[in-house]
Amino acid sequence: MDMKKVYEDSRFLGVNQPESTYHCDLYKASLEIYCNLPKWEKIARSHAYAMVNQEVYIKPYDRLIGRTYHLNDKNVEKTDPDFDWRTEAYKYMHETYPQFAELERYDMTLSGSPGHITWRWDKILSMGTSGIRNECLYYKEKNKADEKALQLYNGILIMLDSMDEWNEKHIKVLAEMGKTQELEICKQVPKYPARNFREALQAYFFQHIVVMKEDPPGGNSPGRLDYYLWPYLEKDLKENKITLEEAEELCEELFLRIDERVHKSDGHGESVVLGGCHKDGTSAVNPLSYIMIKAFMKYDITHPYLYVRIPKDVPEDFLMLAAKYVKEGNNRAQILNDESIMNALINRGVSYEDAADYYCGGCMEVGIQGKSSDFLFAGFFNVPKILEFTLSGGRDILNHVDLEHYKSESIFDFDDFESFYAYFLEKAKEIFNLSFEYVERLSLLSAENRPSYLLCSMLDNCMEKGRNMHDGGIKYHDYGASPIGLPNTADSLFAIKKALFDEKICSKEELLKALEADFEGYEELHNKLKKIPKYGMENDEADSMCARLTKDISDIFASYKNRFGGVSKPVILSFVWAPVVGGKLAATPDGRKAGVPVAQSLTPQSSAMTKGITAAMNSCNKLPFDCFTGGASTMWDLDAAFASEEVIASLISGFFSGGGQIFQGNVCDVETLIKAQKNPEEYPNLIVRVGGYSARFMYLSKELQDDIINRRKHSVM
């Protein structure tokens with residue numbers, strides 16, 4: 001196989017995607033063909049109609065069959081309100097809570113975006129659509145008196161039929177093209193169980209693109225790709241039916257095809273997690289884990305996101321491959337600590353066996369494969385802005401505006417730090433719970449308007465219970481969101497404690513006036529505030545404040561219970577929002593000036609990491625990682641001259657042994673970034689780690705580019 005040709009064609013098709021008619025066909029079906037059917041059936045049959053009527057694209061060299069184009073939809077003239085799962089919830093929140101819209105303007109409410117889910121697609125491999133159909137028929141007969149369950153089962157059957165029918169269209173084209181090997185594979189899968197690695201790979205890929213049409217939000221991910229595919233490759237290797245080199249080439253084609261489908265959006269995010277452990281905790285690293293990393297590193301693609309799980313008993317050569325991936329993988333690596341992440345999940349009630357099957361959906365949101373719902377990452381909160389409003393009594397200090405509907409006491413109402421801190425947490429909880437209520441309403445509407453029948457056929461418990469994932473069918477019906485700017489908030493709280501209460505460096509009035517003036521005319525106070533120790537300097541008091549804050553915020557999340565008993569989970573990452581959040585903040589009590597981007601995830605502020613990366617990591621590892629059930633990322637940008645594979649492996653091992661959860665960062669020099677910003681056409685394939693995802697530098701906003709350029713580049717241990 002000429003992989004250069006495959007790459008070039010895939011890149012061309014990714015950039016010049018054929019127009020997709022899926023949504024036009026969807027609404028044509030729902031508004032015209034099936035408009036008189038009950039809603040549940042109309043939704044199922046309309047998706048099936050749109051699926052079957054997609055174009056069939058097969059290239060002469062294709063070994064993986066099936067193409068859809070996700071980001072080039074033909075414009076839809078009219079949509080069907082029966083598919084709308086947002087408007088009613090949004091309207092309710094605005095009418096019931098006038099402060100909701102006001103807070104929304106400051107990034108203090110959630111967007112309620114679904115996605116970031118991984119399902120048990122291995123059922124297609126082991127059972128085929130025919131086996132899943134038989135399972136569905138069994139439960140349909142068992143629960144024949146349950147009308148709502150019958151709707152789920154019939155919807156699943158309709159979608160399974162559509163997958164088989166679309167596959168038959170590919171079989172017909174393959175026969176016409178004379179592609180006999182691929183023809184025989186597609187006659188077997190996805191309808192029947194896969195018998196070998198090529199069939200398993202084909203079954204996985206075909207079901208993925210179909211599910212992603214039925215349930216398209218970003219972040220819906222393969223999850224443990226090596227784990228569930230390895231038994232098929234292992235059998236073929238033992239029987240001498242394939243070589244490791246052939247398997248690696250097939251993996252290359254798979255990754256190129258995934259990237260082609262969503263190439264226009266680096267932030268779309270379909271993540272694969274490799275390595276990790278078995279359900280008994282022993283290492284699950286296998287030859288396919290190595291193959292997939294090596295295959296991915298050959299190409300300048302951003303999809304799928306390829307993340308590495310490091311089990312407790314990680315093989316040394318796998319750790320070194322992970323370090324090599326960080327150094328030479330074009331800034332796409334993210335390394336996960338199994339022990340720390342599993343401990344956090346178990347701490348919040350997840351069984352050990354389920355915790356071992358965790359995945360990242362999209363950026364780094366942690367869920368359980370086939371057992372978590374798809375509101376794992378529903379948006380983000382501007383936590384430092386909550387502190388700003390609590391200080392000022394509901395005043396936007398940056399824009400000199402008093403909020404009309406959001407009411408708050410101010411720093412002047414408190415005589416001691418502990419009372420002020422408790423009130424800040426109270427206001428944070430009020431805002432968080434308001435947003436989680438919004439997500440709850442979105443989930444309620446999703447149960448009826450976004451039943452995701454095909455997806456639910458591969459989620460544990462849905463068929464057994466006869467309910468879709470938003471109607472009680474999923475085991476862990478949890479919500480998640482990202483509290484942005486926690487290190488900044490902690491440093492500001494510590495500065496408030498020291499400056500106003502402990503050491504009385506200034507008065508409350510003077511502090512607020514200094515913040516409103518962005519420290520102009522208050523240079524002496526500014527210097528004093530900057531000298532107060534920060535989280536990341538290995539100062540026990542400052543680090544303890546950050547540990548206290550992060551635990552309290554995590555506890556607030558966990559205290560929320562939705563209608564199915566699920567909790568909310570802190571997903572600690574910054575994505576593209578560090579400059580966004582910073583841009584809406586006035587100067588802060590820690591000495592940060594207005595508009596400066598906030599810290600990345602749990603990483604200390606760049607200005608605070610003055611004692612080197614080891615000290616910064618030691619500070620970070622004082623945080624309560626067993627509370628971070630949605631995942632907690634850190635960003636450690638490294639100077640290229642400093643970052644040998646041995647150094648990176650040592651940093652990862654040291655950070656993980658201290659409890660750190662997720663390690664990521666760029667390995668590149670600032671000069672290259674500055675040149676790429678000035679002359680982007682000369683650096684079309686420069687990829688950088690943004691915050692939970694990687695992207696081509698030239699396509700990022702100037703604010704994001706500046707943030708990446710200005711992050712501290714560590715050069716000494």
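**Helix packing and two buried spots**

Modeller: Helix 9 and helix 10 are roughly antiparallel to each other, in what is a predicted model.

Colleague: At what angle do the axes of helix 9 and helix 10 cross?
Modeller: Anything over 145 degrees counts as roughly antiparallel, so the label fits. The axes of helix 9 and helix 10 come within 8 Å, and their crossing angle is roughly 155°.

Colleague: How many nonpolar, polar and charged residues are in the contact of helix 9 with helix 10?
Modeller: Helix 9 brings Phe197, Arg198, Ala200, Leu201 and Tyr204. Across from them, helix 10 offers Leu225, Leu229, Tyr232, Leu233 and Asp236. By class, that contact comes to 8 nonpolar, no polar and 2 charged residues.

Colleague: And helix 2 with helix 3: oblique or roughly antiparallel?
Modeller: Helix 2 (residues 22-33) and helix 3 (residues 39-52) have axes that come within 8 Å and cross at roughly 140°. Roughly antiparallel needs an angle over 145 degrees. That makes helix 2, relative to helix 3, oblique.

Colleague: Is the crossing of helix 2 and helix 3 left-handed or right-handed, and what classes of residue make the contact?
Modeller: The crossing of helix 2 and helix 3 is right-handed. From helix 2 come Tyr22, Asp25, Leu26, Lys28, Ala29, Ser30 and Ile33, which meet Lys42, Ser46, His47, Tyr49, Ala50 and Met51 of helix 3. The residues of this contact divide into 7 nonpolar, 3 polar and 3 charged.

Colleague: Moving on to helix 12, how many of its residues are buried?
Modeller: Helix 12 (residues 287-297) is mostly covered. Its cover includes helix 9, helix 10, helix 11, strand 1, strand 2 and helix 13. Among the buried residues are Tyr290, Ile291, Met292 and Phe296. The count of buried residues in helix 12 is 9 of 11.

Colleague: Which residue caps the N-terminal end of helix 12?
Modeller: Look for a side-chain oxygen 2.8 Å from the backbone nitrogen of Leu288. Leu288 is itself one of the buried residues of helix 12. The oxygen, and with it the N-terminal cap, belongs to Asn286.

Colleague: Last one, Val571: buried or exposed?
Modeller: Val571 sits in the loop between strand 10 (568-570) and helix 25 (577-583). Leaving aside neighbours within four places in sequence, its contacts include Met364, Leu376, Phe377, Pro483 and Gly630. The cut-off is under 20% relative accessible area, and Val571 has 1% relative accessibility, so Val571 counts as buried.

Notes: Residues are numbered from 1 along each chain as its sequence is written. This is a predicted model: local features need pLDDT of at least 70, side-chain atom pairs count only at pLDDT 80 or more; totals for chains, interfaces and linings use all residues. Side-chain values use heavy atoms; hydrogens and water are left out. Buried means under 20% relative accessible area, exposed over 50%, partly exposed in between (1.4 Å probe, protein chains only). Helices (H or I, at least four residues) and strands (E, at least two) are DSSP runs, numbered from the N terminus. Contact means heavy atoms within 4.5 Å. A polar contact is a pair of N or O atoms within 3.5 Å; within protein, one must be able to donate a hydrogen and the other to accept it, and residues adjacent in sequence count only if both atoms are side-chain atoms. Axes are lines fitted to C-alpha atoms, for helices over the stretch in contact, and angles run from 0 to 180 degrees between N-to-C directions. Angles under 35 degrees count as roughly parallel, over 145 as roughly antiparallel, 65 to 115 as roughly perpendicular and the rest as oblique. A crossing is left-handed if the near helix is turned anticlockwise from the far one by less than a right angle, and right-handed if clockwise. Ala, Val, Leu, Ile, Met, Phe, Trp, Tyr, Cys and Pro count as nonpolar, Asp, Glu, Lys and Arg as charged, and the others, Gly among them, as polar.
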